[in-house]
Amino acid sequence: MHRKVALLSLIVVVAILIAGGIALMADEFTAKDQQRWQEEFMSVVQTGRELWVSPELGANGVACAQCHPNAANTHPETYPKFQQQLGRVIALREMINWCLMNPLEGVPLKLDGPRMVAIEAYVAYERRGVAMAPGKH
Ligand code: HEC
């Protein structure tokens with residue numbers, strides 16, 4: 001009887017060690033992985049930058065960069081926050097679309113589409129290092 005309990009305990013301990021080992025391995029990544037991820041991120045930022053300065057994004061030949069050179073006055077770190085234009089607390093993406101539809105008279109971007117992600121990545125990258133301040137005006 002005692003042997004059975006001991007064997008069972010041993011099996012449980014081994015199973016925990018194996019599961020723990022697999023969990024640890026899942027978190028392991030190499031410098032090469034990190035470099036690739038950074039390169040992919042920077043390539044999306046670059047796409048965002050191209051959209052930012054492009055008169056093609058909207059419908060009236062105006063580009064985001066004309067009013068927000070280098071993403072100036074976009075304050076991504078303050079989102080989500082209350083915006084008077086929409087009368088509620090909104091995400092940065094909704095404000096991006098608001099400017100796209102109003103000053104640029106364009107068609108809103110799909111909120112989870114690659115162009116929206118690229119613009120968000122560009123804006124956030126320009127403001128890297130700025131402390132998060134959700135809700136701030
Ligand atoms: C004609 C000038 C003009 C253009 C062009 C323009 N914006 Fe804006 N944008 C504004 C103004 C004015 C505000 C301030 C509105 C406010 O915060 O009440 C603003 C606010 C913003 C904000 C929020 C800033 C904050 O402090 O919360 C974001 C984000 C933004 N614009 C993104 C864009 C994007 C993306 C584009 C291009 C699609 C764009 N803007 C084009 C004038 C412009």
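Let's start on the outside of α2, where the face turned away from the buried side of the helix carries the exposed residues K32, Q35, R36, E39, E40 and S43. Keep in mind as you look around that this is a predicted model.

Now turn to the other side of α2. Its buried residues are V45, G48, R49, L51 and W52. Seen down the helix axis, these buried residues fall within an arc of 160 degrees, so they line one face of α2. What do they pack against? The buried residues of α2 meet α3 and α5. The helix itself has the length one would expect: at 1.5 Å a residue, the 22 residues of α2 should span 32 Å, and this agrees with the 31 Å between its end C-alpha atoms.

W52 deserves a closer look. Leaving aside its neighbours within four places in sequence, W52 is in contact with A63, C64, A65, A71, I119 and Y122. Two of those partners, I119 and Y122, turn up again in the largest nonpolar core, where W52, I96, I119 and Y122 touch the most other members among its 16 residues. The elements that give two or more residues to this core are α2 (31–52), α4 and α5 (114–126). Of these, α5 provides the largest share, with 5 residues.

From the core we can move on to the ligand. Which residues come nearest to it? Of the 18 residues around the ligand, these are C64, C67, H75, C99 and P103. C64 is already familiar as one of the contacts of W52. Two helices, α3 (64–67) and α4 (92–101), each supply at least two residues of the shell around the ligand. The largest share of that shell, 5 residues, comes from α4, a helix that also gives two or more residues to the nonpolar core. By class, the shell has 12 nonpolar and 6 polar residues, and no charged residues.

One last stop is the loop between α2 and α3, where you will find E56. Is E56 buried or exposed? With 10 C-beta neighbours inside 10 Å, E56 counts as exposed, because the cut-off for that class is 12 or fewer. E56 can also be placed relative to a later part of the chain: E56 and G106 are 50 residues apart along the chain, and their C-alpha atoms are separated by 9.4 Å.

Conventions: Residues are numbered from 1 along each chain as its sequence is written. This is a predicted model: local features need pLDDT of at least 70, side-chain atom pairs count only at pLDDT 80 or more; totals for chains, interfaces and linings use all residues. A residue is near a molecule or strand if its C-beta atom, placed from the backbone, lies within 6 Å of it. Helices (H or I, at least four residues) and strands (E, at least two) are DSSP runs, numbered from the N terminus. Ala, Val, Leu, Ile, Met, Phe, Trp, Tyr, Cys and Pro count as nonpolar, Asp, Glu, Lys and Arg as charged, and the others, Gly among them, as polar. A nonpolar core is a set of buried Ala, Val, Leu, Ile, Met, Phe, Trp, Tyr and Cys residues joined through C-beta atoms within 7 Å. A residue is buried if 20 or more other C-beta atoms lie within 10 Å of its own, exposed if 12 or fewer, and partly exposed in between; C-beta atoms are placed from the backbone. Two residues are in contact if their C-beta atoms, placed from the backbone, lie within 7 Å. The expected span of a helix is 1.5 Å times one less than its number of residues. The arc is that of the directions from the helix axis to the C-beta atoms.
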